[in-house]
Amino acid sequence: MTFAKITQVAHYVPEKVVSNDDLSKIMDTNDEWIYSRTGIKNRHISTGENTSDLAAEVAQELLAKAQLSPESLDFIIVATITPDSLMPSTAARVQAAIGATNAFAYDLTAACSGFVFALSTAEKLITSGNYQKGLVIGAEVFSKVMDWSDRSTAVLFGDGAAGVLLENTGEKPLIVAEKLQTDGSRGESLLSGLTNIETPFASKTYEKQHLSMEGRAIFDFAVRDVPKNIQATLEKAELSANEIDFYLLHQANSRILDKMAKKLGVERTKFLQNMQEYGNTSAASIPILLSESVKNGIFNLDGAKRVALTGFGGGLTWGTLVIDL
Ligand code: ACO
């Protein structure tokens with residue numbers, strides 16, 4: 001049997017930090033409103049770097065840490081909803097930037113669940129026995145799709161990228177249990193990137209092209225559907241919520257994490273949190289949290305800690321992987 005293992009983690013964010021006070025100078029908002037409702041204090045914002053630039057930095061660092069050549073990679077998956085372009089994919093741009101000439105590369109679109117969906121997919125590529133090494137990266141330049149005149153969304157998001165090197169060197173299954181879900185019928189509550197149809201044969205224009213969100217509906221979705229998903233995933237592995245050492249959830253909002261901890265009946269301290277420094281970085285949020293946690297010594301990538309990774313967001317999409325880190 002072949003098992004996948006996360007052997008390296010890395011993250012990269014743009015240098016520029018924009019605080020809540022900075023935002024209050026360009027829109028009608030304030031630190032108290034933002035922090036009390038979301039837990040966010042700062043976010044990193046690109047001053048020109050695009051999504052593939054951030055992802056390529058992560059890829060370079062993963063290879064450097066592992067002392068691997070780019071040619072040794074078999075695949076690169078980038079989870080993003082803010083690609084540089086639809087064609088070529090962000091992953092193909094990363095492949096070219098780092099010279100991973102033997103790797104196939106593609107983007108995966110599952111919004112804030114993107115990293116979880118991509119890691120699940122990549123684990124299957126490795127356990128199939130067909131591929132030995134690959135990168136799974138979540139990367140977003142959300143600032144370019146935000147409506148900067150809409151204070152109800154512009155204060156929530158940030159830019160960043162992070163990822164993992166996955167290798168076929170595991171001694172046991174990486175994913176202990178998983179459950180990925182989608183409900184396209186509720187998709188309109190989080191919209192971004194609609195493209196007008198303007199041809200000699202048709203004209204269809206959309207009012208909303210930037211990101212738009214029904215905040216309350218998304219909040220309710222997060223606190224109703226996501227804990228059920230976590231419970232169902234745990235049941236598959238006959239685990240209780242307290243048998244998980246740490247929960248690494250999508251970093252959208254600290255109040256969502258408070259409610260989640262309560263619903264699952266576990267200590268709030270088990271829910272790691274860093275949205276105060278990054279805002280909501282969509283597909284990058286879970287791997288940034290993972291990479292920081294390894295840097296801070298919470299995990300050693302030795303398989304000793306049992307962790308739940310849970311994404312939720314546009315699509316609607318949501319899902320949990322229970323993994324040993
Ligand atoms: N600063 C100051 N006031 C604001 C701001 C702002 N940035 N934004 C909105 N307001 C005002 C509104 O205009 C409204 O004023 P009114 O009462 O005079 O009309 C008031 O604040 C309350 O607005 P609500 O939208 O009702 O605020 P709410 O308490 O629901 O909080 C929030 C909004 C934080 C967005 C909340 O709904 C939420 O957390 N939703 C979940 C969003 C989320 O997590 N999304 C990410 C998941 S999906 C993904 O990651 C892509």
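In this predicted model, the side chain of T80 makes a polar contact with the side chain of E140, at 3.1 Å. T80 sits in the loop that runs between β4 (75-79) and α4 (90-98). With a relative accessible area of just 3%, T80 falls under the 20% cut-off and therefore counts as buried. Setting aside residues up to four places away in sequence, the neighbours that T80 touches are T51, T90, D107, L108, T109, A139, E140 and A283. E140 thus turns up both in this contact list and as the polar partner of the T80 side chain.

A second buried loop residue is S189, which has 8% relative accessibility. Its loop lies between β8 (175-182) and β9 (190-191). Once neighbours within four places in sequence are left out, S189 is in contact with S212, M213, E214, A217, I218 and L316. Two of these partners, A217 and I218, have numbers that fall inside helix α7, which spans residues 215-236.

Helix α7 itself packs against another helix. Two packed helices are described by the angle between their axes and the distance between the axes. For α7 (residues 215-236) and α8 (residues 254-264), the angle is about 40 degrees and the axes are 10 Å apart. That angle makes α7 oblique to α8, and the crossing of the two helices is right-handed. On the α7 side, the residues involved are F219, A222, V223, R224, V226, P227, I230 and Q231, and they meet R255, I256, K259, M260, K263 and L264 in α8. Sorted by type, the residues of this contact come out as 9 nonpolar, 1 polar and 4 charged.

Further along the chain, L239 is placed in the loop between α7 and β13 (246-249). L239 is buried too, at a relative accessible area of 13%. Not counting residues up to four places away in sequence, L239 touches L234, I244, R306 and V322. L239 and A177 are 62 residues apart in sequence, yet their C-alpha atoms are 9.6 Å apart in space.

Finally, both ends of helix α2 (residues 31-38) come with a local detail. At the N-terminal end, N30 acts as the cap, with a side-chain oxygen 3.2 Å from the backbone nitrogen of E32. At the other end, G39 comes just after α2 and takes a positive phi of about 85 degrees.

Technical notes: Residues numbered from 1 in each chain as written. Predicted model: local features only at pLDDT ≥ 70, side-chain atom pairs only at ≥ 80, totals over all residues. Heavy atoms only, no water. Axes fitted to C-alpha atoms, helices over the stretch in contact; angles between N-to-C directions. Helix = DSSP H or I, 4+ residues; strand = E, 2+ residues; numbered from the N terminus. Parallel < 35°, antiparallel > 145°, perpendicular 65-115°, else oblique. Left-handed = near helix turned anticlockwise from the far one by under 90°. Contact = heavy atoms within 4.5 Å. Nonpolar A, V, L, I, M, F, W, Y, C, P; charged D, E, K, R; others polar. Buried < 20%, exposed > 50% of the residue type's maximum accessible area, 1.4 Å probe, protein only. Polar contact = N/O pair within 3.5 Å; in protein donor to acceptor, adjacent residues only side chain to side chain.
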